[in-house]
Amino acid sequence: MILKQIEHYLKQTALISLIRQHIKKGKKGKKGKNCSKAQDYSYLSGEVLSIISSLKQPIYPMFGTLLSLHRDKKFLYADDYDFAINDKSYFNFNLISDIEEHGLILNSFSIANDEVVELSFKYKDVSVDIFLIKDGTDDSTHLCPNFRQEKSTKSFDSNLKIRTYPSYFSVSYPKIKLEKSIKLDLWFPKDPESIFKQHYGNDWNIPKIDNFIDFNNYQFYDKPSATYCGESKHLKAYLKKKNLL
């Protein structure tokens, strides 16, 4: 009797374990299929573009945001909004204050090659990113932590969560010159297609779901980079303390 009870218990345990494994696999499959897709915030495009326009600074659409406006003439999908600025003298605390006065809140910044290269804000749950694009004599260069190819290590400092990457990447474009769109009251690159070719490849005009980055034009540097996340007041205090802006 005791042996049968033990045998029954072991069978039940094995069965429960099997059921649990099946459930976990089902959840993983469901998450991979449905939950991994980022939310679509394209319905906020009008509000975001209006806010950027009202800043009256040489900030222009970049990356996916520029692609949507140039190729698609509308936002078919947007999980975030990307903008850029080339003049470093505008990339400062006054810019942060101006943006926050319009309802966007600073929630992260990124560092590559020991300088701030991105300020990220939240607006109604969507990220609005402002990148610093560095102008050279003949080109304009985008620097970024290498989140595309490497995993980060996490740490904390001054109430901030830090994701540190072993390297950073850069992408260079023919020097970006701007012109004003009267229709949208926004600055735009005069030659957006040269940006798309460097960033997405020669087939940039073909809509894709994934694998849309052309790494042939990327340069990678083995120097640590990082993204700092936290409350606006802590981020600004850290930037001031480290004299990063």
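A residue counts as buried when its relative accessible area is under 20%. That cut-off applies to L235, which is buried because its relative accessibility is 0%. The model examined here is predicted.

The protein has six helices and 13 strands. Of its 245 residues, 40% are buried. The accessible surface comes to about 14,600 Å². Carbon and sulfur atoms account for 52% of that surface. Contacts often span long stretches of the chain. Among those between residues at least 6 apart in sequence, 67% join residues at least 24 apart.

L235 lies in helix α6, which covers residues 232-241. Setting aside residues up to four places away in sequence, L235 touches L106, N107, S108, F109, L160, Y228, C229 and G230. S158 stands 77 residues from L235 along the chain, yet the C-alpha atoms of the two are separated by 8.7 Å.

C229, one of the residues touched by L235, belongs to strand β13 (residues 225-229). C229 has a relative accessible area of 19%. Since buried means under 20%, C229 is therefore classed as buried. Beyond its neighbours within four places in sequence, C229 is in contact with N107, S108, L160, K161, R163 and L235. N107, S108 and L160 thus appear in the contacts of L235 and also in those of C229. I162 is 67 residues from C229 along the chain, and the C-alpha atoms of C229 and I162 are separated by 6.4 Å.

Strand β5 spans residues 126-135 and is mostly covered. Eight of its 10 residues are buried. Strand β5 pairs with β2, with β4 and with β6.

The pairing with β2 (residues 80-85) is parallel and uses six bridges. Within it, A84 has F131 of β5 as its bridge partner.

Strand β4 (residues 115-123) pairs with β5 in the antiparallel sense, again over six bridges. Here K122 stands opposite S127 of β5. The two strands, β4 and β5, form a hairpin with two residues between them. K124 lies in the turn and has a positive phi of about 50 degrees.

The partnership of β5 with β6 (residues 139-145) is also antiparallel, over three bridges. K134 has T141 of β6 as its bridge partner. Strands β5 and β6 form a hairpin too, with three residues between them.

Attention turns next to a pocket. The second largest pocket has a volume of about 320 Å³. Its lining is made up of 13 residues. Nearest its centre lie L69, H70, S181, L184 and F188. Three elements give two or more residues to this lining: α3 (63-72), β10 (178-181) and β11 (186-189). By class, the lining holds six nonpolar, two polar and five charged residues.

In outline, the model offers three local views. Helix α6 holds the buried residue L235, which touches C229 of strand β13. Strand β5 is mostly covered and takes part in a parallel pairing with β2 and in hairpins with β4 and β6. The second largest pocket draws on α3, β10 and β11 for two or more lining residues each.

Terms used
Residues are numbered from 1 along each chain as its sequence is written. This is a predicted model: local features need pLDDT of at least 70, side-chain atom pairs count only at pLDDT 80 or more; totals for chains, interfaces and linings use all residues. Side-chain values use heavy atoms; hydrogens and water are left out. On a 1 Å grid over the protein atoms alone, a cavity is a set of points where a 1.4 Å probe fits but cannot get out, and a pocket is an open set with protein on both sides within 12 Å along at least five of seven lines; lining residues have an atom within 4 Å of a point. Grid points are joined across faces, edges and corners, and a volume is the space filled by probe spheres set on the points. Helices (H or I, at least four residues) and strands (E, at least two) are DSSP runs, numbered from the N terminus. Ala, Val, Leu, Ile, Met, Phe, Trp, Tyr, Cys and Pro count as nonpolar, Asp, Glu, Lys and Arg as charged, and the others, Gly among them, as polar. Buried means under 20% relative accessible area, exposed over 50%, partly exposed in between (1.4 Å probe, protein chains only). Two strands pair if DSSP finds at least two bridges between them. Contact means heavy atoms within 4.5 Å. Accessible areas come from the Shrake-Rupley method with a 1.4 Å probe; for residues, only the protein chains shown count as cover.
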